[in-house]
Every structure is written in C-alpha cells, then in structure tokens.
Amino acid sequence: MPKRILVVDDDPDFVLTTGHALRSAGYEVITAESTVDALSKLDEQGPVDLFILDAMMETYTAGFELAHELRRREQTRQTPILVLTAIEQQFGGQFDTEQDVQALGVNVLLRKPVRPDDLLKNVREMID
C-alpha cells in the first residue's frame, strides 16, 4: 500500500506539479488548499504518513499554525511535517533551519522554489 501524503498549499500550480512528482514516485496524494480544508480532508479520509505544508496561505503564518494544530492532536502528533516557505523572499530575514525547525514543531523546512528531486529526497528520508 503506498504511503499517503497530504499536500496543503493555496497555489494550484504548485499543488499540481508537486502532486504529479509525488504520484510518479509511487505515493498517494491528497490535496487541500487551506488549513480548514486540510483538517476536513484529514477527518474525512483518515491518517496520512506525511504532511507537506505551505507556510503562507490564508495568512502569513497559516502553515505554521496548522503544524502546531497537528502537533496538538493525538492522531497526528507523530506524523512528519515538511514545510515549504518563501517567507524569506517576501519579507527578508533568514531562517536558521535547525533552530527554526525545532521551534516550529516541524521535521523539515525547505525554501521555495524547491526542485522536485530535492523534495522527493526529503520525502523519502522522512517516510520510506
């Protein structure tokens, strides 16, 4: 049975290309366009093996807020979370990846744009 990944991003082009790359690698992909949609899909379709979240959706911090909500829930507390962000490009500053990953409660933080092979490498390391 293929590993299931929930991709949450409000950019339909990103969801399409990311979903294609993941499906081509043999993963089952569920998509959501907002934090509310993601939680609804999770409740409807059951557990997943990995979350891939955009940092900025409805708000500039929506993806991080969703990650915190997933960590609060018993059924998703241990599920790996990969966050993709372009915050640095939009607002300047820089993430110190190791410290920020720990503080945000996520497993991996990648900067957008991310190459499909880099994304797949990280996905494989997290769930295969």
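Colleague: Happy to look at this one with you! How many helices and strands does the protein have?

Modeller: Keep in mind that this is a predicted model. Reading from the N terminus, the elements run β-α-β-α-β-α-β-α-α-β-α. The secondary structure comes to six helices and five strands.

Colleague: Lovely, and in what order do the strands sit in the sheet?

Modeller: The sheet is open, and its pairing is parallel. β2 and β5 (108–111) stand at the edges with a single partner strand each, so one side of each has no neighbour in the sheet. From one strand to the next, the twist averages 20°. The order is β2-β1-β3-β4-β5.

Colleague: Let's zoom in on one pair: which residue of β4 is the bridge partner of D54?

Modeller: β3 and β4 run parallel and are joined by four bridges. D54 has its bridge partner in β4, and that partner is L84.

Colleague: Now to the helices. Why do the buried residues of α1 line one face of the helix?

Modeller: Helix α1 covers residues 12–24 and reaches 18 Å from its first C-alpha to its last, close to the 18 Å expected. Its buried residues are F14, V15, T18, G19, A21 and L22. Seen down the axis of α1, these buried residues line one face because they fall within an arc of 165°.

Colleague: Which residues are exposed on the other side of α1?

Modeller: The buried residues of α1 have cover that includes β1 (4–8), β2 (28–32), β3 (50–54), β4 (81–85) and α6 (116–127). On the other side, the exposed residues are P12, D13, L16, H20 and S24.

Colleague: And which residue caps the N-terminal end of α1?

Modeller: Look for a side-chain oxygen lying 3.0 Å from the backbone nitrogen of D13. Just after α1, by the way, G26 takes a positive phi of about 95°. As for the N-terminal cap, the residue is D11.

Colleague: What angle does α6 make with β3?

Modeller: Start with helix α3 (residues 62–72), which lies across β1, β3, β4 and β5 and runs at about 155° to β3. α6 packs on the sheet too, touching β1, β3, β4 and β5. The direction of α6 makes an angle with that of β3 of about 145°.

Colleague: Staying with α6, is D117 buried, partly exposed or exposed?

Modeller: D117 lies in helix α6, and its side chain has a polar contact of 2.7 Å with that of R115. Its C-alpha is separated by 10.0 Å from that of L22, 95 residues away along the chain. The relative accessible area of D117 is 43%, which lies between the 20% and 50% cut-offs. D117 therefore counts as partly exposed.

Colleague: Which peptide bond is cis?

Modeller: Try the loop between β5 and α6, where P113 lies. The omega of the bond in question is near -5°, and the bond runs from K112 to P113.

Colleague: One more residue: is T35 buried or exposed?

Modeller: T35 lies in helix α2 (residues 35–45). Leaving aside neighbours within four places in sequence, T35 is in contact with M57, E58, A62 and L66. Its relative accessibility is 15%, and the cut-off is under 20%, so T35 is buried.

Colleague: Finally, what percentage of the residues of the protein count as buried?

Modeller: Among contacts between residues at least 6 apart in sequence, 67% join residues at least 24 apart. The protein has 128 residues, and the share that count as buried is 51%.

Notes. Residues are numbered from 1 along each chain as its sequence is written. This is a predicted model: local features need pLDDT of at least 70, side-chain atom pairs count only at pLDDT 80 or more; totals for chains, interfaces and linings use all residues. Side-chain values use heavy atoms; hydrogens and water are left out. Helices (H or I, at least four residues) and strands (E, at least two) are DSSP runs, numbered from the N terminus. The expected span of a helix is 1.5 Å times one less than its number of residues. Buried means under 20% relative accessible area, exposed over 50%, partly exposed in between (1.4 Å probe, protein chains only). The arc is that of the directions from the helix axis to the C-beta atoms. Contact means heavy atoms within 4.5 Å. A polar contact is a pair of N or O atoms within 3.5 Å; within protein, one must be able to donate a hydrogen and the other to accept it, and residues adjacent in sequence count only if both atoms are side-chain atoms. Two strands pair if DSSP finds at least two bridges between them. Axes are lines fitted to C-alpha atoms, for helices over the stretch in contact, and angles run from 0 to 180 degrees between N-to-C directions.
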